[in-house]
Amino acid sequence: MDLVYLSAAQGLILVLGGVVVFYALRSYSRTKSRAMLLLGLGFGFVTAGAAIAGVLFNVAGEDLTTVESLQAASQAIGFFIIVFSLTQTKD
């Protein structure tokens, strides 16, 4: 049953993260703001980490430690890019 909750949570992260990435990239296309591009890229890494972890664990049968390590690395990169985008003062 816990696997169902984990898969549901990862699916929700994928959907909501995809929405955030969509709006960030749409904002970038309208404004050409580098910060919005980086924000979308950062949330893309965070979202992709959850999706990749779910696929590797549920489909490929990788062990939980490997999957969680990859997810944490992807999220760390994503949050670094998000912080960097938020510190951009001018394009």
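These exercises walk through one predicted model, each with a worked solution.

Residues are numbered from 1 along each chain as its sequence is written, and side-chain values use heavy atoms, leaving out hydrogens and water. In this predicted model, local features need pLDDT of at least 70 and side-chain atom pairs count only at pLDDT 80 or more, while totals for chains, interfaces and linings use all residues.

**Exercise 1. The whole chain**

Task: State how many helices and strands the chain has, and describe its box and its surface.

Solution:
- Step 1. Count the elements. The chain has three helices and zero strands. Helices are DSSP runs of H or I with at least four residues, strands are runs of E with at least two, and both are numbered from the N terminus.
- Step 2. Read their order. From the N terminus it is α-α-α.
- Step 3. Take the box. Along the principal axes, the C-alpha atoms fill roughly 45 × 20 × 20 Å.
- Step 4. Look at the surface. About 5900 Å² is exposed, and carbon and sulfur atoms supply 72% of that area. Such areas come from the Shrake-Rupley method with a 1.4 Å probe; for residues, only the protein chains shown count as cover.
- Step 5. Look inside. Of the 91 residues, 25% count as buried. Buried means under 20% relative accessible area, exposed means over 50%, and partly exposed lies in between (1.4 Å probe, protein chains only).

**Exercise 2. Helix α1**

Task: Compare the reach of helix α1 with its expected span, then find what its buried residues pack against.

Solution:
- Step 1. Helix α1 covers residues 2–31, which is 30 residues.
- Step 2. The expected span is 1.5 Å times one less than the number of residues. For α1 that gives 44 Å.
- Step 3. From first C-alpha to last, α1 reaches 43 Å, close to the expected value.
- Step 4. Gln-10, Gly-17, Val-21 and Ala-24 are buried in α1. The buried residues of α1 pack against α2 (34–58) and α3.
- Step 5. Now go past the end of the helix. Lys-32 follows α1, and its phi is positive, near 60 degrees.

**Exercise 3. Val-15 and Ala-72**

Task: Decide whether Val-15 is buried or exposed, and do likewise for Ala-72.

Solution:
- Step 1. Val-15 lies in helix α1. Val-15 is exposed because its relative accessible area is 52%.
- Step 2. Thr-47 is 32 residues from Val-15 along the chain, yet their C-alpha atoms are separated by 8.5 Å.
- Step 3. Ala-72 sits in helix α3. Its relative accessible area is 44%, so Ala-72 is partly exposed.
- Step 4. Between the C-alpha atoms of Ala-72 and Ala-53, the separation is 9.5 Å.

**Exercise 4. Two serines of α3**

Task: Which residues do Ser-74 and Ser-85 touch, leaving aside those within four places in sequence?

Solution:
- Step 1. Place them. Ser-74 is in helix α3. Ser-85 is in helix α3 too, which spans residues 64–86.
- Step 2. Check burial. Ser-74 counts as buried because its relative accessibility is 12%. Ser-85 is at 4%, so it counts as buried as well.
- Step 3. List the contacts (heavy atoms within 4.5 Å). Ser-74 touches Phe-45, Val-46, Ala-48 and Gly-49. Ser-85 touches Ala-35, Leu-38 and Leu-39.
- Step 4. Add the polar atoms. A polar atom of the Ser-74 side chain lies 3.4 Å from the backbone nitrogen of Gly-49. The Ser-85 side chain reaches the backbone oxygen of Ile-82 at 2.7 Å.

Note on methods:
A polar contact is a pair of N or O atoms within 3.5 Å; within protein, one must be able to donate a hydrogen and the other to accept it, and residues adjacent in sequence count only if both atoms are side-chain atoms.
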